[in-house]
Amino acid sequence: MSIDTVELEDAEAALSAPAMLEVKDLVVRYGHGRKAASAPAAVDGVNFTIRPGETVGLVGESGSGKSTIGKAILGLQKVSGGSVSFQGSDITHANSSRRQELGGELRAVFQDPNSSLNPRKTIGASLAEPLRVRGVAAAEARSRAEDMLERVGLPREAVDRYPSQFSGGQRQRISVARALICEPKLVVCDEAVSALDLSTQAQVLNLLADLRDERGLSYLFIAHDISVVQFLAQRVVVLYRGQIMETGPAAAVTESPKHPFTQALVAASPVPRPAEQAERRKLRESLGVRTAAAVAASAGGCPFSQRCPLATDLCTTERPALRSVGQSGVACHYA
Amino acid sequence: MIPSITPTATPRKTALAKFSGHRLLTSPGGLAGAVWLAALVAASLTAPWWLPYKTEDQDFTAVLSGPSAAHWLGADELGRDLLSRIFASAAGTLGTSLITVIVGVGLGTILAMTAAASDRAEGIISRVTEIMMSLPGTVIILAVIGAVGTNIPLIMAILGILISAGIYRVMLGQAKSLQSQLYVDAAKVDGVGTLGISVRHVLPGLMNTVVVQSALIFAVGMLIQAGLAFIGFGPPIPQPSWGGMIQSASQHVYDAPWLMVPSGAVLALTVLSANAIGNALGKSPNAAASHLPSAAIRRKRAADAAAAAAAAPAVENAPAAGQLSVRGLSVGVDGGTPLVTDVTFDVAPGTVLGLVGESGCGKTMTAVSLLGLLPSGVSVTGGQILWNGKNLASATEKDLEGIRGRDIALISQEPMRALDPMFTVGYQLTAAIRRLRKAGKAEARAAALSLLEKVGIVDAQRILKSYPHQISGGMAQRVAIALALSGKPRLLVADEPTTALDVTVQAEILSLLRSLVKDTGMSVVMVTHDLGVVADICDNVAVMYAGQVVEGGRTASILDNPRHPYTLALLAADPHANTAHDMPERLATIKGQVPQPKDWPAGCRFAARCQFAGSACAVPVPLLPSGSEDGEVRCVKADELAVEGLGWLATEVPTHRVLEIVEKDMA
C-alpha cells in the first residue's frame with residue numbers, strides 16, 4: 001500500500017468524522033491594550049484541524065510561534081483573534097472552571113522534564129492533582145497513579161518519591177503519565193522530547209506512539225526537529241514568524257518540500273551518514289538561503305522574503321495566501 | 001521488551017530537610033539565637049512560678065542598686081527587681097512583635113501571590129504599595145496612638161500593614177518566577193483554579209523567603225516597640241516593658257549607669273538572635289560552591305598531576321606543532337569516584353574530532369580538562385594531555401594561562417554565557433584582542449572588525465556597538481567564536497556549540513567552523529550528542545560511554561560501519577537516520593540508562609544494557625583495533641557481530657502488548 005492511498009483514506013475519514021481540534025484564523029499578540037495592537041503578531045492567522053486519532057506536527061524555528069499556539073489551545077495564553085474549538089465547542093476564551101468541565105480530555109506534556117513537575121511534591125501528588133480537582137477520592141487517585149506509572153514503565157513505588165530522584169527520561173515518562181491519567185482525547189506535546197538523550201528520546205517517542213495506538217489519541221506534536229516530528233506525525237504544519245508556510249502529509253512535506261523555507265529547514269537537518277550528509281550540505285548551500293536578519297520583514301509581505309533566494313518585489317509587498325500545490329498547502333507566490 | 005527502569009537510589013528527602021530546619025541547626029549563630037529565644041519565651045511564660053518578686057514589688061533598700069544576692073540584676077529607681085520585670089515583660093514584647101510578623105509577612109505574601117497570578121492585580125497592588133511605601137510610617141503610628149491610645153497589639157498590627165509593602169516587593173519577583181514554572185502551566189491545564197495554584201504550587205516555593213523575612217521583621221518589630229515605649233507610648237505605667245525600662249534607665253545614666261545594662265543587653269541579644277536565625281535560614285545551600293577551583297586545590301592538583309606524569313612513561317617521539325595527543329587520560333572527583341577513565345585520542349592539525357555520547361558519559365569533562373578548566377573538586381587523576389610536546393595535565397596554572405585563549409580556545413553551548421551583558425560586543429572583543437595579541441587600541445578595533453567579518457557577520461559595525469541582549473542566539477554564537485579566535489588559537493574546544501540553536505543556524509555555524517579549519521589549519525575538538533553533526537563536520541570520532549571511549553576512528557567508517565553495540569544502538573535510536581518512507585513503526589531503544597560513575601562495573605560498562613552481552617563481557621575489555629581502517633573498538637564480540645552482520649534490533653512489540661502477554665501468563 002503506497003503512502004498516497006493511506007492519505008486518501010485519511011481524507012475520506014476526515015470528511016465523516018468531526019474535527020477533534022479546529023484552530024481558525026488564530027492571532028496572538030503579546031502585551032496589553034494599545035501596546036498589543038501595535039506589536040507584530042506572534043501568531044498571525046493560523047488555521048489547522050486535527051482529526052480524531054491523528055497526529056499533527058507543528059514545526060518551526062525559535063520565535064516562530066509554535067509554542068504560543070500550543071499555549072493558546074491550552075488556555076495558557078490570551079488569544080487576540082480567531083477561535084479554537086475542541087470537539088465542536090468553542091474554547092477560545094474558556095476559563096479554568098470551563099476547562100475543568102472538559103473533563104481532562106485536553107492535556108499537555110511540556111518540554112523541560114526538570115520544571116514540569118513540582119520539585120516539592122511527590123510523584124503521586126503531581127499525578128493525582130488532575131484527578132483530585134475532578135473530585136476523585138484520594139485512594140482511587142493513588143491507585144490510578146500507580147497503574148499509570150506502571151503503564152509508562154516505572155515501578156509502582158515511584159508514587160512516594162520526589163522528581164529529583166528520577167532521570168530526565170523518567171521524569172518525561174511521569175509527565176506523559178500525568179497527561180494521560182484522566183483519559184484524554186487530545187494531548188499537546190510541546191517539545192516533549194527535545195531535552196532528552198537519543199536513547200531516552202526514542203523510549204518516550206515509542207511510548208507516545210504506543211499510547212496513541214492503544215487509546216486512539218490525537219496529538220499536537222510541537223517540535224523544532226522535523227525528523228522527530230515525521231516519526232510521529234501524519235501531517236505537518238510548518239511555521240515561520242507566526243504564519244503557516246507549508247502544510248501537508250508528513251512524507252510530502254519532508255521529502256519534497258515546496259516552500260523555500262521548508263526546503264531550507266529540511267536540508268539543514270543533518271543525517272548521521274557522512275556521504276549523504278555531504279550531499280545534503282551541497283544542496284543546502286546551493287539553495288542560497290540568507291542568514292536571518294535582525295529586523296522583521298515589512299508587515300505586508302511574505303515573512304520569509306528577506307532570507308528567500310526567490311524573493312521578488314511582489315514578495316515584499318503582498319502576503320502570499322496558502323494555496324494547494326500537490327497534496328500540500330503552500331504560502332508562496334512561486335511554489 | 002519492557003523498558004524497566006529502577007529509579008536512582010537517592011535517600012528520600014525528609015520533611016525536615018525540605019523545610020530548611022537543618023540549616024538552622026548547622027549554623028552556630030542560628031542555633032545560639034534559637035536557643036536564646038526559646039529560653040526567653042519559656043522563662044517568661046513560667047515567670048509567675050519562679051521569679052523571686054512580683055513586677056510591682058518595691059524594695060526601698062535596693063533603689064538603684066547594682067547586682068546583689070537579693071536582686072541578681074539590680075533594682076530600679078523605685079526598688080523594683082530588674083530581673084523580674086525583664087522576664088515578666090518578655091512574652092508580651094515577643095508576642096506583640098509576632099503580630100507585626102504575622103500581619104506584615106502574611107499580607108505581603110498574599111499580595112505578592114495575588115499580583116503574580118494576574119497582571120491586572122499586579123498593576124493595582126504595585127501602585128497601592130508604592131503609595132504605602134511613600135507614607136511616613138512613624139507619623140502614622142503616632143497619629144494612631146493619638147486617636148486610640150496605646151493599644152500595643154493594634155499599633156503592631158498597623159506597623160505590620162505598613163511593612164507589608166516592602167515584603168510584597170521582596171516576594172513579587174520570586175512569586176512571578178514560580179508562577180511561570182511549567183508545573184504551574186501543567187496545573188492550569190489540569191483545571192486547578194488561581195487560588196489552588198497559589199496555595200499548592202507558589203506558596204511552598206516562597207516558604208524559605210517567608211521564614212527568613214519573618215525572622216528579620218520580628219527583630220524590627222521589637223526595636224520599634226521598644227522605641228515607642230522609650231518615647232512614652234508603651235504599655236500603661238506600672239506595667240513593665242523593655243523600652244520603658246530603658247527610658248527610665250536613661251534618666252539615671254549618670255548616677256546609676258548599671259540600670260541600662262540588663263534591659264539593653266536583653267533587647268540587643270534578642271534582636272541579634274532574630275537576625276542570626278534569619279541569616280542562617282537565608283543562606284543558600286550552594287553559596288560556597290564556586291565554578292573555579294581555589295588556588296590551594298589548583299596547587300595540589302598540579303603537584304598530583306606532576307607526580308602522575310612522572311610515573312607515566314616518557315613521550316616516545318616529540319609530536320608535531322599543533323598536535324594534540326591525549327594518552328590514558330583519567331579524570332575523577334577528588335578522593336574517589338572516577339568520571340573519565342583511560343581516554344586516548346589524537347587530533348592532528350587541521351582536523352576535527354567529535355566526542356559523541358549521551359549525557360553523563362564524560363564528554364564535557366574530557367573536553368574541559370584540555371583547558372585545565374575542570375570544575376571545583378574534580379581533577380586529572382592520571383594520563384597525559386600532550387600539546388606541542390608539553391604535558392598540560394601537569395602544567396602549572398601560570399603555564400595554562402599562557403596557553404588558554406592563545407593556543408587553545410573554548411566555545412560553549414550557551415553563547416550568551418561567553419558574553420558579559422554589561423559591555424558592548426566591540427568592547428569585549430577589542431579587550432580580548434588587546435590582551436591576547438598585545439595590540440594597540442586602533443589596531444585591536446580593526447582586528448575586531450575583521451574577525452566579525454570572518455565569522456560571517458555582514459553588518460559588523462552595528463554588531464560591534466550592540467550589547468549581547470540585542471543580538472540573536474546565532475549571532476551571539478558567531479560573536480563567541482570571534483572571541484575564541486581573537487587569540488589565534490591552534491585548537492578550538494567546542495562544547496555542544498550548536499545544541500541551543502535552530503537547525504538552519506546550526507548548519508551556518510558548522511559551515512563557518514569548517515571554513516575556519518580549512519583557512520587557518522586549526523584543529524577542533526567538538527563535543528556533541530548529535531550524530532548528524534558528527535557526520536557533517538568531524539574527520540574522526542570517539543564514541544564515549546560511561547567515561548570510556550568505546551569506539552574510535554574515521555567518521556565515515558564508524559557511522560557507516562559501526563562495530564560497538566552502543567554505536568549501533570545510538571544510530572538505530574536516531575530518527576534522523578530515517579526518511580519518512582522508511583521510518584520504522586518503533587525506534588530502537590537502549591534499556592535502562594547510563595550508569596552513575598559510582599555504579600560502573602568492572603567488566604564492560606555497557607553490558608547491562610546490551611542486546612548481545614554474554615558471560616565474556618564480565619571482564620574488563622581493552623580498546624583494540626577493529627580491523628576496519630585505523631578504527632578501535634572496546635567490545636569482545638565486535639568481530640562476531642561484524643561477521644554475522646548483526647544490527648541493534650528495534651523492539652517489534654509495543655509495550656502494552658507485552659504487558660497483555662505478561663498478564664495472560666500470570667492469570
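Domain bounds, as used here, come from an automatic or database domain assignment. Keep in mind that the model you're looking at is predicted.

**Exercise 1. Lay out the domains of chain B, then find how far apart the centres of domain 1 and domain 3 of chain B lie.**

Solution.
- Step 1: Start with the bounds. Domain 1 of chain B covers 16-282, domain 2 covers 408-488 and domain 3 covers 561-655.
- Step 2: Now take the C-alpha centres. Those of domain 1 and domain 3 of chain B are 64 Å apart.

**Exercise 2. Work out how domain 1 and domain 2 of chain A meet, and which helix gives the most to the domain 1 side.**

Solution.
- Step 1: Domain 1 of chain A comes in two pieces, 3-105 + 183-330, while domain 2 of chain A spans 114-182.
- Step 2: Over C-alpha atoms, the centres of these two domains of chain A are separated by 29 Å.
- Step 3: Count residues in contact, meaning C-beta atoms within 7 Å. Domain 1 of chain A puts in 14 residues and domain 2 of chain A puts in 12.
- Step 4: On the domain 1 side, the top contributor is helix α8 (residues 198-215) of chain A, with 6 residues.
- Step 5: Sort that side by class and you get 9 nonpolar, 4 polar and 1 charged.

**Exercise 3. Describe the side of chain B that touches chain A: how many residues, from which elements, and of what classes?**

Solution.
- Step 1: Chain B brings 69 residues to the contact, and chain A brings 69 residues as well.
- Step 2: Several helices of chain B give two or more residues to this side, among them α10, α21 (503-520) and α26 (655-666).
- Step 3: The largest share is 8 residues, and α9(B) supplies it.
- Step 4: By class, the chain B side splits into 31 nonpolar, 24 polar and 14 charged residues.

**Exercise 4. Characterise the packing of α5(B) against α10(B), then compare the model with the UniProt record for chain B.**

Solution.
- Step 1: Helix α5 (residues 82-117) and helix α10 (residues 194-230) of chain B have axes that come within 7 Å and cross at roughly 145 degrees.
- Step 2: The crossing of α5(B) and α10(B) is right-handed.
- Step 3: Their contact has 14 nonpolar and 12 polar residues, with no charged ones.
- Step 4: Turn to the record. An unreviewed UniProt entry lists "transmembrane region" for residues 31-51, 86-116, 128-148, 154-172 and 215-237 of chain B.
- Step 5: Check two of those stretches in the model. Residues 86-116 of chain B are 100% helix, with end C-alpha atoms 43 Å apart. Residues 154-172 of chain B are also 100% helix, and there the end C-alpha atoms are 27 Å apart.

**Exercise 5. Which strands of the chain B sheet stand at the edges, and how do β1(B) and β2(B) pair?**

Solution.
- Step 1: Write down the strand order. The open sheet of chain B has 4 strands, β2-β1-β4-β5, with antiparallel pairing.
- Step 2: β2 (338-347) and β5 (390-391) of chain B are the edge strands; each has a single partner, so one side of each has no neighbour in the sheet.
- Step 3: Strand β1 (residues 324-333) of chain B pairs with β2(B) over 6 bridges, in the antiparallel sense.
- Step 4: Get the register. L329(B) sits opposite V343(B), and S325(B) sits opposite D346(B).
- Step 5: Close the hairpin. There are 4 residues between β1(B) and β2(B), and G335(B) in the turn has a positive phi of about 80 degrees.

Note on methods: Residues are numbered from 1 along each chain as its sequence is written. Chains are lettered from A and ligands numbered from 1 in the order in which they are written. This is a predicted model: local features need pLDDT of at least 70, side-chain atom pairs count only at pLDDT 80 or more; totals for chains, interfaces and linings use all residues. Axes are lines fitted to C-alpha atoms, for helices over the stretch in contact, and angles run from 0 to 180 degrees between N-to-C directions. A crossing is left-handed if the near helix is turned anticlockwise from the far one by less than a right angle, and right-handed if clockwise. Ala, Val, Leu, Ile, Met, Phe, Trp, Tyr, Cys and Pro count as nonpolar, Asp, Glu, Lys and Arg as charged, and the others, Gly among them, as polar. UniProt positions are given in the numbering used here, feature names are shortened, and annotations may be inferred rather than shown by experiment. Two residues are in contact if their C-beta atoms, placed from the backbone, lie within 7 Å. Two strands pair if DSSP finds at least two bridges between them.
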